[in-house]
Amino acid sequence: MENIKFASITKRGIAFFIDDLITSLLFIIIFYDQIITLTTPESMSVFVMQYSWVVFVLKIIYHTFFIGLNGATVGKYFVKIKAVDENNPTQTISWSRAFIRAVVREIGEMLFYITFIFAFSSPKNQTLHDKISKCIVVDVR
């Protein structure tokens, strides 16, 4: 483990921003026909609240797919970081652990990003969803 460089909180934040942009764009594409009919901020707010479950599911699918596939979402790929098995950093995590990580991540996001706060006090910059899924996020050389 001595050659491993844990991903910085800054890189993780940039990846988070990119991934949220992508999932937001996917939501807009899926509901474009309905969104363009909304004329007031109130109607937009009601619409988003009504379909917030879609955002939740979309993010879980997005994160499970990319983390399960190769350990990196589009955002992580862009900043050159990757989620890997904590005990075997040469391996990505399993699909089931990627799914658990995604679910816990989204629940934490809904609860004022509570699972993300753990990264600030972890020597490995691990969030709670990393710890639960037994993974670490590392720099890719």
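This report covers the nonpolar cores, a strand pair and one buried acidic residue in a predicted model.

**Cores**

The largest nonpolar core holds 10 residues. Among them are Ala-7, Ala-15, Ile-67, Val-79, Ile-93 and Ala-98. Ile-81, Ala-83, Cys-135 and Val-137 also belong to this core. Two elements give two or more residues each: strand S1 (81-85) and strand S2 (135-139). A second, separate core has seven residues, including Phe-31, Ile-35, Phe-47 and Leu-58. In soluble globular proteins, nonpolar side chains tend to be buried together.

**The strand pair**

S1 and S2 run antiparallel, joined by five bridges. In one of the pairings, Ala-83 has Val-137 of S2 as its bridge partner. Four of the five S1 residues are buried, so the strand is largely enclosed by the rest of the structure.

**Contacts of two residues**

Val-137 is a member of the largest core. Beyond four places in sequence, Val-137 touches core members Ala-7, Ile-81 and Ala-83. Charged residues also appear in the list, including Arg-12, Lys-76 and Asp-130.

Asp-20 lies in helix H1 (residues 9-30). Is Asp-20 buried or exposed? Its relative accessible area is 16%, under the 20% cut-off, so Asp-20 counts as buried. Outside its neighbours within four places in sequence, Asp-20 is in contact with Lys-59 and Glu-109.

| Residue | Contacts beyond four places in sequence |
|---|---|
| Val-137 | Phe-6, Ala-7, Arg-12, Lys-76, Ile-81, Lys-82, Ala-83, Arg-101, Asp-130 |
| Asp-20 | Lys-59, Glu-109 |

Notes. Residues numbered from 1 in each chain as written. Predicted model: local features only at pLDDT ≥ 70, side-chain atom pairs only at ≥ 80, totals over all residues. Heavy atoms only, no water. Core = buried A, V, L, I, M, F, W, Y, C linked by side-chain atoms within 4.5 Å. Buried < 20%, exposed > 50% of the residue type's maximum accessible area, 1.4 Å probe, protein only. Contact = heavy atoms within 4.5 Å. Pairing = 2+ DSSP bridges.
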